[in-house]
Amino acid sequence: MIVLGLLALSFPVVASASVTVMVAIAFLVGGLMGWIDNLSRARRLGRWHCFWRLVVSTLFLVTGIWMLLQFKSGVVPAALQVKALATALGLVFLVEGGVMAIVSLTHRTTRGWGWGLANGIVTLALGLLILTMSPASLLSVIGLLVGISFLFSGFDLLAFSSRFHSRVE
């Protein structure tokens with residue numbers, strides 16, 4: 001996570017585009033896997049259940065393809081994709097930051113809990129920052145924000161979260 005964070009901070013526009021493309025590919029793969037799963041279990045799922053699952057899978061598939069095609073169409077359509085992803089990412093960061101802060105505060109007796117709290121506060125602040133920034137600045141800023149979040153998550157994994165796993169000696 002620390003290395004990924006440093007890379008994202010060094011190349012923020014590339015990180016922004018890469019994150020958006022990865023989400024598009026995840027939607028595409030999720031949609032394809034949903035279709036395969038639904039069709040293989042159609043008889044057991046029931047007609048309406050299968051139908052609605054296919055609708056959701058189709059939405060994932062179409063959204064993934066559409067997002068990837070936007071990147072081939074030029075900078076403006078790609079920037080709109082990054083803006084849409086930034087909004088979703090901002091919301092996720094808000095929730096993740098809140099959860100991390102609460103988890104760390106409930107484990108204050110665990111060594112390194114402050115890193116979890118710092119991670120939660122920084123992630124929460126990044127979510128607010130993402131949701132309030134101008135669309136023009138999103139191409140580079142989202143990569144910077146993801147880089148900062150990855151960097152703090154890496155420190156958190158090393159100093160706090162690793163304490164939850166018992167050592168094998």
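Q: Which side chain meets Asp 37 in a salt bridge at 2.6 Å, N to O?
A: Start with the general idea. A salt bridge pairs a side-chain nitrogen of Lys or Arg with a carboxyl oxygen of Asp or Glu, within 4 Å. Now the case here, in a predicted model. The partner of Asp 37 in that bridge is Arg 53.

Q: Which helices hold Asp 37 and Arg 53?
A: Asp 37 lies in helix H2, residues 12-40. Arg 53 lies in helix H4, residues 47-73. The two are 16 residues apart in sequence, so the pair ties together separate parts of the chain.

Q: How many salt bridges does the structure hold?
A: There are two. The other joins the side chains of Asp 37 and Arg 41, at 3.2 Å from N to O.

Q: Which residues do the shared partners join into one network?
A: Look for a residue that takes part in both bridges. Asp 37 meets Arg 53, and Asp 37 also meets Arg 41. Asp 37, Arg 41 and Arg 53 therefore form one network, since salt bridges that share partners are joined.

Q: Are these three residues buried, partly exposed or exposed?
A: Read the relative accessible area. Under 20% is buried, and over 50% is exposed. Asp 37 has 26%, so Asp 37 is partly exposed. Arg 41 is partly exposed too, at 28%. Arg 53 has 27% and is also partly exposed.

Q: What touches Leu 45?
A: Skip residues up to four places away in sequence. Leu 45 then touches Asn 38, Cys 50 and Arg 53. Arg 53 is the salt-bridge partner of Asp 37 we met above. Leu 45 itself is found in helix H3, residues 42-45. Leu 45 counts as buried, because its relative accessibility of 16% is under the 20% cut-off.

Q: How many helices and strands does the chain have?
A: Count the elements along the sequence. The chain has seven helices and zero strands. Its pattern reads α-α-α-α-α-α-α.

Q: What share of the residues counts as buried?
A: The chain has 169 residues, and 33% of them count as buried. Now turn to the outside. The chain exposes about 10300 Å². Carbon and sulfur atoms supply 75% of that area.

Q: Where should I look for a nonpolar core?
A: In soluble globular proteins, nonpolar side chains tend to be buried together. Here, the largest nonpolar core has 13 residues. Leu 89, Ile 130 and Ile 142 touch the most other members.

Q: Which helices supply at least two residues of this core?
A: Helix H5 (75-105), helix H6 (113-132) and helix H7 (138-159) each do. H5 gives the most, with five residues.

Q: What is Leu 89 in contact with?
A: Leave aside its neighbours within four places in sequence. Leu 89 is then in contact with Ile 130, Ile 142 and Val 146.

Q: Is Ser 16 buried or exposed?
A: Ser 16 counts as buried, at 1% relative accessibility. Ser 16 is found in helix H2. Beyond neighbours within four places in sequence, Ser 16 is in contact with Val 82, Leu 138, Leu 139, Ser 140, Ile 142 and Gly 143. Ile 142 is familiar from the nonpolar core.

Q: What share of contacts joins residues at least 24 apart?
A: Take contacts between residues at least 6 apart in sequence. Of these, 75% join residues at least 24 apart.

Q: What separates the C-alpha atoms of Leu 129 and Leu 39?
A: The two residues are 90 residues apart along the chain, and 42 Å separates their C-alpha atoms. Leu 129 has its place in helix H6. Leu 129 counts as partly exposed, at 43% relative accessibility. For scale, the C-alpha atoms of the chain fill a box of roughly 50 × 45 × 30 Å, taken along the principal axes.

Q: How many positive and negative side chains does the chain have?
A: There are 11 positive and 4 negative side chains. The centres of the two sets lie 12 Å apart.

How values were computed. Residues numbered from 1 in each chain as written. Predicted model: local features only at pLDDT ≥ 70, side-chain atom pairs only at ≥ 80, totals over all residues. Heavy atoms only, no water. Buried < 20%, exposed > 50% of the residue type's maximum accessible area, 1.4 Å probe, protein only. Helix = DSSP H or I, 4+ residues; strand = E, 2+ residues; numbered from the N terminus. Contact = heavy atoms within 4.5 Å. Areas by Shrake-Rupley, 256 points an atom, 1.4 Å probe, with all protein chains shown as cover. Lys, Arg positive; Asp, Glu negative; His and termini not counted. Charge placed at Lys NZ, Arg CZ, Asp CG, Glu CD. Core = buried A, V, L, I, M, F, W, Y, C linked by side-chain atoms within 4.5 Å.
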